[in-house]
Amino acid sequence: MDVDRIYASFTKSKEKYLSSQIKYRPDIDGLRALSVLGVIIYHLNPSILPGGYIGVDIFFVISGYLITSILLSEIGNNKFSIINFYERRARRLIPALALVLLVSSLFALYLFTPQELKVFGQSLVAVNLFASNIYFYIKSGYFDPSSEF
C-alpha cells in the first residue's frame, strides 16, 4: 500500500537525519558573507546597491535555518536544553558585541559632539539591556532620515 511505503520512507529519512551530525557548509557561509557584503556596500554608498539592506534579512533567514537544523537534531536525539542553547548564543555573540561597543565608543568619543554622545550613550544602555530595537523604534522609524547617520 502507498501509505506504508511513504511511512517507511519517512522513517528511514528521519533515522538518517537524526543520526547525522550537522556538518560545516561553506556554501552557506558564502551566502552569509555575500549578505553582509551587501549591507556594508549599502552603508558605504546606497546608490551603488540601493537594496543592500536586504542582506540583513537574508542573513537572518540563513541563520534561522542553521539554528533550526541544530535544534531539530538535538531534539531528535534527546539532547536539547534551553539553557545550553542560550549559553551557546551568548558565548558566540557577546564577545563580538563587546568589541563592537568598545570600538564604537572610542570612535564616538573622538567624533561626536556632546549632544550626539548623549544620544549614543542612551543607545549603548539599550544595547546592553538587549532592548535596542525598542529604543530605536521609539526614537525613529527604520527608514527615517534621522535613523541614518
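**Helix packing and aromatic pairs in an all-helical chain**

Setting aside neighbours within four places in sequence, Leu66 is in contact with Ile28 and Arg32. Leu66 belongs to helix H3. Its relative accessibility is 22%, so Leu66 counts as partly exposed. The cut-off matters here, because buried means under 20% relative accessible area. Leu66 also has a distant partner in sequence. Ile22 is 44 residues away along the chain, yet the two C-alpha atoms are separated by 8.9 Å.

The model is predicted. With that in mind, step back to the whole chain. The protein chain has six helices and zero strands. Read from the N terminus, its elements run α-α-α-α-α-α. Of the 149 residues, 17% are buried. The chain exposes about 12,000 Å², and carbon and sulfur atoms supply 69% of that area. Now take the contacts with a separation of 6 or more. Residues 24 or more positions apart account for 42% of them.

Return to Leu66 and its surroundings. Ile28 and Arg32, the two contacts of Leu66, also appear on the H2 side of the packing between H2 and H3. Helix H2 covers residues 26-44, and helix H3 covers 54-76. On the H2 side, the residues are Ile28, Leu31, Arg32, Ser35, Val36 and Val39. They meet Gly55, Val56, Ile58, Phe59, Ile62, Ser63, Tyr65 and Leu66 in H3.

How are H2 and H3 oriented to each other? Their packing angle is about 155 degrees, and their axes are 8 Å apart. Angles over 145 count as roughly antiparallel. H2 and H3 are therefore roughly antiparallel to each other. Their crossing is left-handed.

Next come the aromatic rings. A pair of aromatic rings is described by the distance of the centres and the angle of the planes. A search of the whole structure finds five aromatic pairs. One of them joins Tyr42 and Tyr53, with 5.3 Å centre to centre and 70 degrees between the planes. Planes over 60 degrees apart count as edge-to-face, and that is the class of the Tyr42 and Tyr53 pair. What does this pair tie together? Tyr42 lies in H2 and Tyr53 in the loop between H2 and H3, so the pair links parts that are eleven residues apart in sequence. The two rings' residues differ in burial class. Tyr42 has a relative accessible area of 15%, so Tyr42 is buried. Tyr53 has 31%, so Tyr53 is partly exposed.

Phe59 and Phe60 form another aromatic pair. This one is also edge-to-face, at 6.3 Å centre to centre and 70 degrees between the planes. Phe59 is partly exposed, with a relative accessible area of 24%. Phe60 is exposed, with a relative accessible area of 56%. Phe59 has a second role in this picture, as one of the H3 residues that meet H2.

Stay with H3 and move along to Glu74, which lies in this helix. Is Glu74 buried or exposed? Its relative accessible area is 15%, so Glu74 is buried. Leaving out neighbours within four places in sequence, Glu74 is in contact with Lys79, Phe80 and Arg88.

Beyond Glu74 comes the loop between H3 and helix H4, which spans 82-111. Asn78 is found in this loop. Asn78 is not a glycine, although its phi is positive, at about 55 degrees. Asn78 is exposed, with a relative accessible area of 73%.

A second residue with positive phi sits further along the chain. Phe130 has a phi near 55 degrees, a positive value in a residue other than glycine. Phe130 is placed in the loop between H5 and H6. Its relative accessibility is 64%, so Phe130 counts as exposed.

The helices on either side of that loop pack together. Helix H5 covers residues 114-128, and helix H6 covers residues 132-139. Their angle is about 140 degrees, with axes 7 Å apart. H5 and H6 are therefore oblique to each other. From H5, the contact uses Val119, Gln122, Ser123, Ala126 and Val127. From H6, the partners are Ser132, Tyr135, Phe136 and Lys139.

Note on methods: Residues are numbered from 1 along each chain as its sequence is written. This is a predicted model: local features need pLDDT of at least 70, side-chain atom pairs count only at pLDDT 80 or more; totals for chains, interfaces and linings use all residues. Side-chain values use heavy atoms; hydrogens and water are left out. Rings of Phe, Tyr and Trp (its six-membered ring) pair if their centres lie within 6.5 Å; planes under 30 degrees apart count as stacked, over 60 as edge-to-face and the rest as tilted. Helices (H or I, at least four residues) and strands (E, at least two) are DSSP runs, numbered from the N terminus. Buried means under 20% relative accessible area, exposed over 50%, partly exposed in between (1.4 Å probe, protein chains only). Contact means heavy atoms within 4.5 Å. Accessible areas come from the Shrake-Rupley method with a 1.4 Å probe; for residues, only the protein chains shown count as cover. Axes are lines fitted to C-alpha atoms, for helices over the stretch in contact, and angles run from 0 to 180 degrees between N-to-C directions. Angles under 35 degrees count as roughly parallel, over 145 as roughly antiparallel, 65 to 115 as roughly perpendicular and the rest as oblique. A crossing is left-handed if the near helix is turned anticlockwise from the far one by less than a right angle, and right-handed if clockwise.
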